[in-house]
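Trainee: Mind if I quiz you on how some of the labels here were reached?
Mentor: Go ahead, ask away.

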Amino acid sequence: MHRIIKNIFILILSLGLLSAFSILAVLWAFSNNLPDYKFLKSYKPPVSSKVYSGDGELVNDFSTEKRIFVPYNAISKKVINAFLSAEDKNFFSHPGVDAKGVLRAVINNISNIASSRRLEGASTITQQVAKNFLLTSEVSLNRKIKEAILAFRIERALSKERILELYLNQIYLGGGAYGVASASLEYFDKPISELNYAEAALLAALPKAPSRYNPYKDIILAKFRRDLVLENLYENNYIKKIEYDKFINKKIILKKRKKTFTEDTSYYVEDIRKDVVDQLGFDKVYKQGLNISTPINLGLQKIAIKSLREGLISYDKRKGWRGPLLREQKITSWKNKLDKFKLEKSINWNLAIVKKVDKFSIVIETENKLSGIIKYESISWIKKEFNEILKVGDVIYVENKSGNIFTLRQLPLVNGGIVVMDPFTGRVLALSGGFSFKKSEFNRATQALRQPGSAFKPFIYALALENGYTPSTLILDAPLVLEQGYDLKMWKPENYGKKFYGPSTLRMGLEKSRNLMTVRIAQDMGLKKIVNFSKQLGIYDNPSELLSISLGSAETTLLKLTSAYSSFVNGGKLVKPIMIDRIQDSEGSTIFNNEKRKCVNCDQISFLSKNYPEIEDEFLQIFSPQTAYQMTSILEGAVQNGTGKNLKDLNLDLAGKTGTTNGNTDTWFIGFTSKLAIGVYVGSDNPKSLGRYETGAKTALPIFKSFVKNAIKKEDARPFKVADDILMRVIDPITGEKAAIESKSTIIEAYKNIKIDNTLNRDINNRLKNDNILRFY
């Protein structure tokens, strides 16, 4: 008997040693090729970079994954308790692998196999960290062994809090959201600190199967899984019975995170994205959680894009109806072909199919199954009856006006851009590069190189004022034929309307946009001066030295031209467009700052000090403040008496200039108030004529007017500040001579004082008397 017991003991000991040796051999074999886990000590998950407006509102983010990293101490206890109850209730007591959990899973899986049910896992949170960071998701014994070994090692290297921090920031929770902070915003639009236990339980329910339990897809299944987590919370004594009863009966209330005006800022944001990626690299922008502050004013942005779209629609209506988007024979399947026609929600159009056509109305059904009517009065711009333009089965754009009444829409063929800037800093407050970013990402405000036409003329006149001219200098408006160079045709510029007006003042030449007067001034200035001046202003890079440049024949962008116009408002200083104010890293350290000004005496401690703080800038003085004011005054005249006179009824202090190129191919209006510079461009992506009478005053100016009407209040358009050393005189606008008495036909003109005018050696009265001479007569 004793011998039998001894043999049994030896057998058991041998089996034990063999098992231990086998386990050690397996562990040794698997341990040799395990990935390095030590980087987890300092690891930070990839975090999206955020783009903020000038008021600090979130506009967009740049990310491959929606993620916000939150340190352990900032994670709500409710969230932590919910995840522990759902995933690993023994987390703070086990060494990385939960032996009790494994045993329970083995026992349960025996019955699961017998009943063909899904097998139960026993992975701890630490094991999930090992899998998510270091291993693949393959289902195999090989991976499970590696996972267990790594879990033990991770537990020795990291604190429990650090492991939980990694897990809660890395885990995928559906809807593109990674980590609890991002998921909280995705499902409830609130920070994790504000979640209650029912909401935290829903997040904790998702890791099991994020797509399956996604409440946006199946709210019943999501509630079932959430209730299981609430039950675990109660069993683990995290919540009381009264709380459990309250939460279990609570419906899931979701609130999708609202991205303010994201669609309306697409052109602006895309320009920023390309710029920061070029400067800092893709990984830094998409993974390191930068905070990008921009000057975007969301209120102005909304008005700007609305004005642009309405202006393009208005032009398009003048060109008539082009037909439906599709002509469907099988009405039942039309919704399957709509993806390529989708537009931004902010455009507020629906896709619809024509169900019935009468002479004076049609019946439609929208993609959202809404039935409606389009009445004849809403298509007066087409000048045809419904049965001439539409058939049953036609797919069209419609806009809901009220109730079941819709109006017919079509996507404009023409496109354009709008820019709104602070002329004193260059900060771009609003920008749109087209009607729809979804239809075309080409940015007509920053990428489209186009001829500015007459919108360039003010810079020729500014150069003249810098070189001895005055606003009342007489210039001949008469036919002109010029040689352009070897092997080039003779150039015969003409005025719009092909008329000639004889001797006219410099002011009149710009107000009425006279081509021949402008060319004569350019002749006197010389091409080198003009080219250098335009390059200094940042309008052109390397323009050809042809006299036609004076009429805007070279190419530039809307953003560059609007920026150059800012010099008239700010006293002749050169500002460059700023679309990014500042970039900070995830720790809040500034890595880029676009502030070009400095505060002098801002360090004064005593309020009794006479050294008052002043804001100084380092902008280049491109022309004198006196010239800047004279030009502003003349461009005010263009609004009151010239090509911009359709703005008069706004009764605001405005200045600006139209631009129309040969054949009416490109049209512009660049204008400003005392606080804002606003530029508008309208044209085709493949340049062609907009139509015989489609000038800057008819196509671009109405967009400018709509923006100003809706965005500018009377107090924001104050009279323009008169520069120092400017003298005012009553002048006859026709002759340019000093008027004997003031009358309705006279104007008040601005002249430079002799003290600052180094180009002239006569006092102001002599200048007025003698300046009535003809240039190039």
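Trainee: Where does Asn651 lie?
Mentor: Asn651 sits in the loop between α20 and β22 (655–660). Keep in mind that this is a predicted model.

Trainee: And why is Asn651 called exposed?
Mentor: Its relative accessible area is 55%, and exposed means over 50%. So 55% puts Asn651 in the exposed class. Asn651 also has a positive phi of about 55 degrees, although it is not a glycine.

Trainee: What about Asp189, where is that and what is its phi?
Mentor: Asp189 is in the loop between α7 (180–188) and α8 (197–205). Phi of Asp189 is near 50 degrees, again positive in a residue other than glycine.

Trainee: What makes Asp189 partly exposed?
Mentor: The relative accessible area of Asp189 is 28%. Buried would need under 20%, and exposed over 50%. Since 28% falls in between, Asp189 is partly exposed.

Trainee: Back to the helices: why is α15 called oblique to α20?
Mentor: The axes of α15 (residues 457–466) and α20 (residues 625–641) cross at roughly 135 degrees and come within 10 Å. Roughly antiparallel takes an angle over 145, and roughly perpendicular covers 65 to 115. The angle fits neither range, so α15 counts as oblique to α20. As for handedness, the crossing of α15 and α20 is right-handed.

Trainee: Which residues meet there?
Mentor: From α15 you get Pro458, Tyr461, Ala462, Leu465 and Glu466, and they meet Thr627, Gln630, Met631, Ile634 and Leu635 in α20. Sorted by class, the contact of α15 with α20 has seven nonpolar, two polar and one charged residues.

Trainee: Now the sheet. What is the strand order in the open sheet of five strands?
Mentor: The order is β2-β1-β5-β17-β18, with mixed pairing.

Trainee: What makes β2 and β18 the edge strands?
Mentor: β2 (58–62) and β18 (590–593) each pair on one side only. On average, neighbouring strands of this sheet are turned by 15 degrees against each other, direction ignored.

Trainee: How do you know that β17 pairs with β18?
Mentor: Count bridges: two strands pair if there are at least two between them. Three bridges join β17 (residues 582–584) to β18, so the pair qualifies, and the two run antiparallel. Within that pair, Ile583 stands opposite Phe592 in β18.

Trainee: Which helix packs on this sheet?
Mentor: Helix α11 (residues 266–280) does, touching β2, β5 (291–293), β17 and β18. The direction of α11 makes about 45 degrees with that of β2.

Terms used:
Residues numbered from 1 in each chain as written. Predicted model: local features only at pLDDT ≥ 70, side-chain atom pairs only at ≥ 80, totals over all residues. Heavy atoms only, no water. Axes fitted to C-alpha atoms, helices over the stretch in contact; angles between N-to-C directions. Helix = DSSP H or I, 4+ residues; strand = E, 2+ residues; numbered from the N terminus. Parallel < 35°, antiparallel > 145°, perpendicular 65-115°, else oblique. Left-handed = near helix turned anticlockwise from the far one by under 90°. Contact = heavy atoms within 4.5 Å. Nonpolar A, V, L, I, M, F, W, Y, C, P; charged D, E, K, R; others polar. Buried < 20%, exposed > 50% of the residue type's maximum accessible area, 1.4 Å probe, protein only.
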